[in-house]
Amino acid sequence: MEGARPEAVIETRGLRRVFKSRGRQVEAVAGVDLDVRRGEIFGFLGPNGAGKTTTLRMLSTLLAPSGGTARVAGCDLATQPGKIRERIGYVGQAGGADREITGRTELVFQGRLYGMPTAAAQKRAAELIVMLELDGAADRKVGTYSGGQKRRLDIGLGLVHDPELLFLDEPTTGLDPQSRARVWEEVRKMHDRGTTVFLTTHYLDEADALCDRVAIIDYGKIVAEGTPEELKRAIAGDVVTFTVAGEQQRALDLVKDQDFVREARLENGSVHLYVDRGEVAMPAILRLLDGASLQLMTVELHRPSLDDVFLRQTGRSLRETAA
Amino acid sequence: MKLIRDTWLVFGRYFGLFIHNPVWVALGVLQPVLYLVLFAPLLRPIAAMRGFPPGGAYNVFVPGLLVQLGMFGAAGVGFSLIAELRMGVIERLRVTPVSRVALLFGRALRDMFSIVLQSLILILIALPFGLSIHPLGIVVVLALIGLIGLLTASIGYAVALAVKSEDSYAPIVFTSALPILLLSGVLLPMSIAPQWLQNIAAINPLLYAVDAARHVFNDNLGDPSVLKGVVILVVLSVVAVVIGARQFGRAVA
Ligand SMILES: Nc1ncnc2c1ncn2[C@@H]1O[C@H](COP(=O)(O)OP(=O)(O)OP(=O)(O)O)[C@@H](O)[C@H]1O
Ligand SMILES: [Mg+2]
């Protein structure tokens with residue numbers, strides 16, 4: 001359609017959603033502008049209740065927005081929800097397979113829902129079973145699956161019709177590291193086939209390792225957006241984290257006005273310093289603390305992670321807020 | 001065309017769930033048998049009482065049993081839907097291009113089917129005990145009971161989608177079913193009720209269904225109340241299906 005840049009698969013402007021419950025209004029999504037490009041893995045990162053699922057449900061036509069506009073897979077969300085449904089796949093936080101039905105039956109039925117004739121749906125189901133290594137489980141009831149098998153089946157259900165855009169809501173939450181790695185692998189395979197993947201996650205390392213670009217959402221608003229590298233670079237320099245015996249506040253006051261410190265804050269009972277160059281800052285910090293007779297307990301120097309990005313943008317640590 | 005295909009597809013899914021569950025199938029057959037075995041012995045002495053309406057005990061009570069079966073057989077359908085809501089099945093179905101009407105209608109048809117089957121079993125078992133009914137009467141009565149099932153199931157699904165929890169669903173459905181049943185004349189004829197109660201009962205669609213079923217069992221197929229009962233149920237069922245489908249589609253457009 002004219003107007004939309006061809007490479008934008010998702011384009012939202014001022015997308016909002018208000019929930020009313022017991023007379024109180026909750027603005028779960030408070031004006032979100034997103035641009036997701038064709039073929040990328042886009043990560044939507046935020047703590048519990050940030051508005052990730054609500055945004056995803058709006059973009060996949062499950063929930064009517066309270067305001068704003070969105071184009072998804074080349075179609076207008078408000079006027080062409082039917083067309084969007086044909087082009088996207090959606091794997092919800094709870095999955096979507098019935099425990100009482102076998103995985104194969106679910107996959108075939110899903111294909112039929114997308115209009116495939118029975119034979120084609122069966123063929124596609126068999127393909128996906130091989131691809132997702134569900135051979136041993138496919139003809140058992142879903143209720144008997146392991147967590148990882150269940151999640152792979154859920155993803156398979158979203159892939160039956162080979163959508164150009166796939167939404168994954170927390171695809172690896174609750175999985176063991178091995179199953180998590182398997183899901184990552186599947187996501188990368190989809191990416192290689194040219195599918196655009198929009199996923200939500202609590203995990204910074206996941207966003208960092210998997211995503212081409214990331215948006216961080218907090219209280220319904222985007223607080224940062226870019227490639228993981230860009231976001232980290234925006235912080236620039238290095239991060240020094242240390243604790244001292246006794247009062248952290250004194251240590252903070254001591255170092256925060258030094259030239260080499262760009263920003264300093266107290267977080268989780270330790271001092272976080274954003275510095276230009278860690279190797280210059282470290283000896284200086286040690287000298288200062290020594291001079292004030294403050295005993296250093298722990299000290300860490302690291303490149304900024306997405307956690308630091310989150311901390312800088314929201315003033316809170318992601319790990320601390322995520323349940 | 002798509003609506004018919006999708007409805008058939010959804011019906012097939014839920015019919016398969018039903019047929020592959022031996023407990024359900026066994027209970028489905030057992031229920032009408034229980035109704036008769038536990039209830040019929042009570043009929044004999046009552047039928048012998050003075051002033052008992054003509055037509056034999058079974059012809060008087062079986063219509064009421066069938067109406068109850070139609071209603072309570074479908075009143076619990078919301079529980080399975082709430083379980084599916086929790087598993088994310090409903091969201092998954094709603095994201096596909098499948099027709100929203102089919103999502104409701106296909107499932108409700110399955111419920112209707114099982115109720116019609118149970119009713120048929122009940123009628124067939126009652127026949128050797130002295131129930132007498134014209135074959136065409138069986139067809140009409142099954143249509144009536146099937147419609148009651150379709151109507152009740154559609155309402156049940158709409159309520160389940162609205163409240164989303166068993167804790168709210170159970171009291172809502174069963175509390176509202178009780179007055180509807182009491183005021184339908186299933187248990188005792190409404191003609192013996194005081195006028196004010198009759199006035200309230202007059203807005204109860206089930207009253208007309210019971211009335212129609214009674215006439216069918218009295219070999220009065222041509223009675224206007226039969227057609228009236230069917231028309232009322234058809235109209236209400238259509239309304240209920242549309243409302244239920246709306247609930248399924250309560251997303252964008
Ligand atoms: N149907 C609803 N009715 C009322 N409030 C809701 C509803 N759905 C979500 N909310 C509220 O909207 C806010 C955002 O919820 P959302 O599910 O989008 O968060 P999330 O980022 O997906 O969180 P999580 O990481 O826990 O999945 C929360 O405060 C939540 O309680
Ligand atoms: Mg969520």
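The paragraphs below go through the domains of chain A, the surroundings of ligand 1, a hairpin and one helix of chain B.

This is a predicted model in which local features need pLDDT of at least 70 and side-chain atom pairs count only at pLDDT 80 or more, while totals for chains, interfaces and linings use all residues. Residues are numbered from 1 along each chain as its sequence is written, chains are lettered from A and ligands numbered from 1 in the order in which they are written, and side-chain values use heavy atoms, with hydrogens and water left out.

Chain A is divided into domain 1 (8–228) and domain 2 (236–303), with bounds that come from an automatic or database domain assignment. The centres of these two domains, taken over C-alpha atoms, are 41 Å apart.

Around ligand 1 there are 13 residues, of which A:Asn48, A:Lys52, A:Thr53, A:Thr54 and A:His202 come nearest; a residue is counted as near if one of its heavy atoms lies within 4 Å. Helix α1 of chain A (residues 52–59) gives the most to this shell, with 3 residues, where a helix is a DSSP run (H or I) of at least four residues and a strand a run (E) of at least two, numbered from the N terminus. Polar contacts, for which a pair of N or O atoms must lie within 3.5 Å, link oxygen atoms of ligand 1 to a polar side-chain atom of A:Lys52 at 2.8 Å and to a side-chain N or O atom of A:Glu170 at 3.0 Å. Of the 630 Å² that ligand 1 exposes when taken alone, the protein buries 65%, with areas from the Shrake-Rupley method and a 1.4 Å probe.

Elsewhere in chain A, strands β9 (residues 213–218) and β10 (residues 221–226) run antiparallel and are joined by 5 bridges, pairing being assigned if DSSP finds at least two bridges. The two strands form a hairpin with 2 residues between them, and A:Tyr219 in the turn has a positive phi of about 45°.

In chain B, B:Ser99 caps the N-terminal end of helix α6, with a side-chain oxygen 3.2 Å from the backbone nitrogen of B:Val101.

Technical notes. Polar contact = N/O pair within 3.5 Å; in protein donor to acceptor, adjacent residues only side chain to side chain.
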